[in-house]
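Biologist: I'm new to this one, so could you pick a single part and take me through it closely? I'd like to know what it touches and how it sits among its neighbours.

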Amino acid sequence: MSTSSMARWAKTHAIPLRGRGGPSHSASLAAQRDVPSALEHDSTLVGTRTWQRLQLFACAARYRTLTVAAQELGVRPISLINRIKYLESELGVQLLVRPENGCAMQLTDDGIQVLRSLRQTSD
C-alpha cells in the first residue's frame, strides 16, 4: 500500500497522523498529554516541543533579563528569545514585557497565569 493510500485511510477513519519528518507519533501524543491541564483548552498546544518551551519560559522568568537567563541556562540568548517568541505565538499572548534601558523584564498577566498553571501541573 502506498503512503498516500495509508494517509487517505487514516483520514477516513479519523486516525491522527504526524507531519512528515516530524517526531514519532508516540512522542507527539506524549507531548499533548504533558501540556498543563489549565492550558489544554487551547488547541494550539499540540506541538511536541511546547512542553519544553513552557519549562524553558518558567526557568527564564526567574532572571532579570533573557540574556542573563540564557547564560545561566547554558543556551544562546537568541535561541532563548526565539523559543519564547514562538511560545508566545503558539499561545497567542505576550508572556513578557521586554526590558528597556537596563530595566528588568516583567511578566504580563498572561505570563503569570501560565507560570501558575505550570506550577500546579508540576505539584
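Modeller: Here is a close look at helix α4 and the parts around it. Before we start, this is a predicted model, where local features need pLDDT of at least 70 and side-chain atom pairs count only at pLDDT 80 or more, while totals for chains, interfaces and linings use all residues. Residues are numbered from 1 along each chain as its sequence is written, and side-chain values use heavy atoms, with hydrogens and water left out.

First, the setting. The protein has six helices and two strands, and from the N terminus they come in the order α-α-α-α-α-β-β-α. These elements are DSSP runs numbered from the N terminus: H or I over at least four residues for a helix, E over at least two for a strand. Of the 123 residues, 29% are buried, meaning under 20% relative accessible area; over 50% is exposed and in between is partly exposed, with a 1.4 Å probe and protein chains only.

Now to α4 itself, residues 66-73, and its partner α5, residues 77-91. Their axes come within 8 Å and cross at roughly 110 degrees. Axes here are lines fitted to C-alpha atoms, for helices over the stretch in contact, and angles run from 0 to 180 degrees between N-to-C directions. So α4 is roughly perpendicular to α5, a label for 65 to 115 degrees; under 35 is roughly parallel, over 145 roughly antiparallel, and the rest oblique. The crossing is right-handed, that is, the near helix is turned clockwise from the far one by less than a right angle, with anticlockwise being left-handed. On the α4 side you'll find Leu66, Thr67, Ala69 and Ala70, and they meet Pro77, Leu80, Ile81 and Ile84 of α5. Sorted by class, that makes seven nonpolar residues, one polar and no charged ones. (Nonpolar is Ala, Val, Leu, Ile, Met, Phe, Trp, Tyr, Cys and Pro; charged is Asp, Glu, Lys and Arg; polar is the others, Gly among them.)

α4 also packs on α3, with the axes 9 Å apart at an angle of about 110 degrees. That makes α3 roughly perpendicular to α4, and this crossing is right-handed too. Leu56, Cys59 and Ala60 of α3 make the contact with Leu66, Ala69 and Leu73 of α4. By class there are six nonpolar residues here, with no polar and no charged ones.

What about the two partners themselves? α3 and α5 pack at about 115 degrees, their axes 10 Å apart, but α3 passes α5 in a left-handed crossing.

Leu66 deserves a stop of its own. Setting aside neighbours within four places in sequence, leucine 66 is in contact (heavy atoms within 4.5 Å) with Ala60, Leu80, Ile81, Ile84, Leu96, Arg98 and Met105. Leu66 is also among the residues with the most contacts inside the largest nonpolar core, alongside Phe57, Leu80, Leu95, Leu96 and Val114. That core has 18 residues; a core is a set of buried Ala, Val, Leu, Ile, Met, Phe, Trp, Tyr and Cys residues joined through side-chain atoms within 4.5 Å. The elements giving two or more residues to this core are α3 (50-60), α4, α5 and α6 (109-122), and α3 gives the most, with five.
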